[in-house]
Amino acid sequence: QHIFSQVGAALPVDVLTYEEKTLSAILRVISSGLVKLWSALTLLGSYQNRRCAVRVLQASPFLLALSGNSRELVLD
């Protein structure tokens, strides 16, 4: 987990939304930083001395694509 501490600090990541109830967030990173961010999140095992795990639900180069789930789309 300390492998990415220096690199992660240099990678600009925006937290666009965070929902405390579901502990979910939408993060924004430039495309060249996606692999670094994904790797750092995968290796994260604790935060503030508490065990944690991160699950990536969706990734997209388009912010609008994250606003809905096509599998839940209802057509009238």
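## Leu23 and its loop

Leu23 is exposed, with a relative accessible area of 62%, a value that counts as exposed because the cut-off for that class is over 50%. In this predicted model, Leu23 is found in the loop that lies between strand E1, covering residues 13-19, and strand E2, covering residues 24-29.

The backbone of Leu23 also deserves attention, since phi there is positive, at about 55°, although the residue is not a glycine. Most residues other than glycine have a negative phi. The hairpin to which Leu23 belongs is formed by E1 and E2, with four residues between the strands.

## The pairing of E1 and E2

The two strands on either side of this loop run antiparallel, and six bridges join E1 to E2. Within this pairing, Asp14 stands opposite Arg28, a residue of E2.

Thr17 lies in strand E1 and is partly exposed, with a relative accessible area of 42%. When residues up to four places away in sequence are left out of the count, Thr17 touches Ser24, Ala25 and Ile26. Between Thr17 and Arg28 the separation is 11 residues in sequence, while in space the distance from C-alpha to C-alpha is 9.8 Å.

## A second positive phi, at Gln48

Gln48 lies in the loop between strand E3, residues 46-47, and strand E4, residues 50-51. Phi of Gln48 is near 50°, which is a positive value in a residue other than glycine. As for its surroundings, Gln48 is exposed, and its relative accessible area is 62%.

## The protein as a whole

Taken as a whole, the protein has two helices and four strands, and from the N terminus on these elements run in the order α-β-β-α-β-β.

Buried residues make up 4% of the 76 residues in the protein, where buried refers to a relative accessible area under 20%. The accessible surface of the protein comes to about 7,100 Å², and 56% of that surface belongs to carbon and sulfur atoms. With regard to contacts along the sequence, those between residues at least 6 apart can be considered together, and among them 26% join residues that are at least 24 apart.

Methods
Residues are numbered from 1 along each chain as its sequence is written. This is a predicted model: local features need pLDDT of at least 70, side-chain atom pairs count only at pLDDT 80 or more; totals for chains, interfaces and linings use all residues. Side-chain values use heavy atoms; hydrogens and water are left out. Buried means under 20% relative accessible area, exposed over 50%, partly exposed in between (1.4 Å probe, protein chains only). Contact means heavy atoms within 4.5 Å. Accessible areas come from the Shrake-Rupley method with a 1.4 Å probe; for residues, only the protein chains shown count as cover. Two strands pair if DSSP finds at least two bridges between them.
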